[in-house]
Amino acid sequence: MSNKLEEAHKDVKEMRSLLKSATRKRVQDCISQELRKLEIEVTQLQDEAMLKPVDLKPKSATANTYTVNIRNYSWDQSDKFLKIYITLKNVQSLGKAAVITTFEKRGVQVMVHELDGKNYHLNITNLARNIKPDASYHKVKTDMLVVFLAKSEEHTWVGVTAEDVRVTEARKPKVDSDDPNAGMMDLMKKMYDEGDDKMKQMLNKTWYESQQKSLRGEGEMKDPLNQPFPFTD
């Protein structure tokens, strides 16, 4: 390990010790921000070190922890919170100071330190909507970390990030406002094309029953293509 990287590790270790002993929230927040900067510096130095030729000589020192970027998580929501669920085995065994969350209006960052020889990092900078940083928090559960993002308004989120929202909107079938039946046809055609045999049978049955009602004057849903079964393979 280079001298610069070694000193950075020592700084991080001492900063964590300060965070653990701090009792004032404002002081904890200040230390957490500085700690995050140091951890980013350590990560950058580690990345630089990986680009250098590997020394294959045996070393007596124990291996250092390395950082894993969290890319997989699930989410849910209530009226007031969007909740992010991160699966991390044995996370409940860590001390309170080992899990740090930082919140901004459109971002959240999570750092989990030294869990089974690894650090874990989640950084989202493009949340779909604004949150209230001061009201956001996290909870550590068995093998799971739950991050609570306080909604600034009681809107229903369709995705965690702005990119998630764009993808979801792009997948929605386009409806022609001049012909609502055409939009329904497009949706049913999409369901038919992507469904299994059971789904196709159900759609054809539904369409047939609808046509029979229409012929008896019980409904107004008509096939714009004038076909008895518009969905066929």
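Reader: How much surface does the protein expose, and what share of it do carbon and sulfur atoms supply?

Author: Happy to start there! In this predicted model, the protein exposes about 16,300 Å², and carbon and sulfur atoms supply 49% of that area. Of its 233 residues, 30% count as buried.

Reader: What helices and strands are there, and in what pattern along the sequence?

Author: The protein has 5 helices and 8 strands. Along the sequence they follow the pattern α-α-β-β-β-β-β-β-β-β-α-α-α.

Reader: Which strands form the open sheet, and what makes two of them edge strands?

Author: The open sheet has 4 strands in the order β2-β3-β8-β7, with antiparallel pairing. Both β2 (74–77) and β7 (137–141) have a single partner strand, so one side of each lacks a neighbour in the sheet, and they stand at the edges. From one strand to the next, the twist averages 20°.

Reader: How do you know that β7 and β8 pair?

Author: Two strands need at least two bridges between them to pair, and β7 is joined to β8 (residues 144–150) by 5 bridges. Among the facing residues, Lys-141 is opposite Met-144, and Lys-139 has Val-146 as its bridge partner. The two strands form a hairpin with 2 residues between them; in the turn, Asp-143 has a positive phi of about 60°.

Reader: And how do you know that β3 pairs with β8?

Author: By the same cut-off of at least two bridges: 7 bridges join β3 (residues 81–87) to β8, and the strands run antiparallel. Here Lys-83 stands opposite Phe-148 of β8.

Reader: What makes β8 a mostly covered strand?

Author: Of the 7 residues in β8, 6 are buried. Phe-148 shows how the label works: buried means under 20% relative accessible area, and Phe-148 is at 11%, so Phe-148 counts as buried.

Reader: Why is the pair of Phe-81 and Tyr-137 called edge-to-face?

Author: A pair of aromatic rings is described by the distance of the centres and the angle of the planes. The structure holds 3 aromatic pairs. For Phe-81 and Tyr-137, the centres are 5.8 Å apart and the planes stand at 80°. Centres within 6.5 Å make a pair, and planes over 60 degrees apart make it edge-to-face, so the rings of Phe-81 and Tyr-137 earn that name. Phe-81 is in strand β3 and Tyr-137 in strand β7, so the pair ties together parts 56 residues apart in sequence.

Reader: Why is the pair of Phe-81 and Phe-148 called edge-to-face?

Author: Their ring centres are 6.0 Å apart and their planes are at 90°, so this pair is edge-to-face too. The pair links Phe-81 in strand β3 with Phe-148 in strand β8, 67 residues apart. Together, Phe-81, Tyr-137 and Phe-148 form one aromatic cluster.

Reader: Why is Tyr-137 called partly exposed?

Author: Partly exposed lies between the 20% and 50% cut-offs. Tyr-137 has a relative accessible area of 31%, so Tyr-137 is partly exposed.

Reader: What makes Ser-32 buried, and what is in contact with this residue?

Author: Ser-32 belongs to helix α2 (residues 25–50). At 13% relative accessibility, Ser-32 falls under the 20% limit, so Ser-32 counts as buried. Leaving aside neighbours within four places in sequence, Ser-32 is in contact with Leu-19 and Ile-100. A polar atom of the Ser-32 side chain also lies 2.8 Å from the backbone oxygen of Gln-28.

Note on methods
Residues are numbered from 1 along each chain as its sequence is written. This is a predicted model: local features need pLDDT of at least 70, side-chain atom pairs count only at pLDDT 80 or more; totals for chains, interfaces and linings use all residues. Side-chain values use heavy atoms; hydrogens and water are left out. Axes are lines fitted to C-alpha atoms, for helices over the stretch in contact, and angles run from 0 to 180 degrees between N-to-C directions. Buried means under 20% relative accessible area, exposed over 50%, partly exposed in between (1.4 Å probe, protein chains only). A polar contact is a pair of N or O atoms within 3.5 Å; within protein, one must be able to donate a hydrogen and the other to accept it, and residues adjacent in sequence count only if both atoms are side-chain atoms. Contact means heavy atoms within 4.5 Å. Accessible areas come from the Shrake-Rupley method with a 1.4 Å probe; for residues, only the protein chains shown count as cover. Rings of Phe, Tyr and Trp (its six-membered ring) pair if their centres lie within 6.5 Å; planes under 30 degrees apart count as stacked, over 60 as edge-to-face and the rest as tilted.
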